[in-house]
Amino acid sequence: MALDQSFVGRIYPPTEPYEVGREKIREFAEAVGETNPVYTDSEAAKAYGHPDVIAPPTFVFSITFLAARQVIEDPQLGLDYSRVVHGDQKFAYRRPVRAGDRLSVTSTIEGIKSLAGNDILDIRGEVHDEAGEHVVTAWTKLVARAAGEA
């Protein structure tokens with residue numbers, strides 16, 4: 001069953017703040033094979049003008065995808081998550097994510113379309129710090145495969 005087009009434009013409440021820790025950044029950088037010292041060494045980050053270590057660009061996916069669960073788990077939307085694959089991801093940064101940031105995400109359904117029986121769901125996550133400063137926007141595309149596909 002196709003997703004309801006009337007959900008396009010629906011905005012979900014902001015998440016509770018997520019505190020970005022140095023250790024989480026280091027672990028993520030190591031996991032993705034990122035060796036730039038601005039991600040693991042405070043002094044190196046300061047030499048580049050940052051107040052502390054910064055996160056690799058894709059780090060914010062872990063925060064925005066958690067926020068997107070509000071959309072994914074919305075019973076009124078009716079998304080069958082067992083059929084979902086990740087279709088695409090992109091980010092637009094105002095500034096890097098920094099250790100010590102407390103970030104909240106507001107998710108919006110930007111688009112819903114059907115293609116060959118598959119539902120394609122576009123979710124925009126607006127990430128702000130505690131002061132309300134916009135840090136980054138993340139776009140996530142999810143594809144719910146048509147019933148009967150292996």
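Here is a walk through the fold, from the overall layout down to the packing inside. Bear in mind that this is a predicted model.

Let's start with the layout. The chain has three helices and five strands, and if you trace it along the sequence you meet them in the order β-α-α-α-β-β-β-β. The C-alpha trace stretches over about 55 × 35 × 20 Å along its principal axes. As for how the chain comes together, take the contacts with a separation of 6 or more: 69% of them join residues 24 or more positions apart.

Next, the inside. Of the 150 residues in the chain, 42% are buried. The largest nonpolar core holds 20 residues, and the ones touching the most other members are Val20, Ile25, Phe59, Ile63, Val97, Leu103 and Val127. Two or more residues apiece come from helix 1 (22–31), helix 3 (60–72), strand 3 (102–115) and strand 5 (134–144). Helix 3 is the top contributor, with three residues.

Ile63 is a handy place to zoom in. Setting aside its neighbours within four places in sequence, Ile63 is in contact with Tyr18, Val20, Leu103 and Val105. There's also a second, separate core, made up of 16 residues, with Val71, Val84, Ile123 and Ala144 among them.

Finally, the outside and the charges. About 8100 Å² of the chain is exposed, and carbon and sulfur atoms supply 52% of that area. On the charge side, count 16 positive and 23 negative side chains; the centres of those two sets sit 2 Å apart.

Conventions: Residues numbered from 1 in each chain as written. Predicted model: local features only at pLDDT ≥ 70, side-chain atom pairs only at ≥ 80, totals over all residues. Heavy atoms only, no water. Helix = DSSP H or I, 4+ residues; strand = E, 2+ residues; numbered from the N terminus. Buried < 20%, exposed > 50% of the residue type's maximum accessible area, 1.4 Å probe, protein only. Contact = heavy atoms within 4.5 Å. Areas by Shrake-Rupley, 256 points an atom, 1.4 Å probe, with all protein chains shown as cover. Lys, Arg positive; Asp, Glu negative; His and termini not counted. Charge placed at Lys NZ, Arg CZ, Asp CG, Glu CD. Core = buried A, V, L, I, M, F, W, Y, C linked by side-chain atoms within 4.5 Å.
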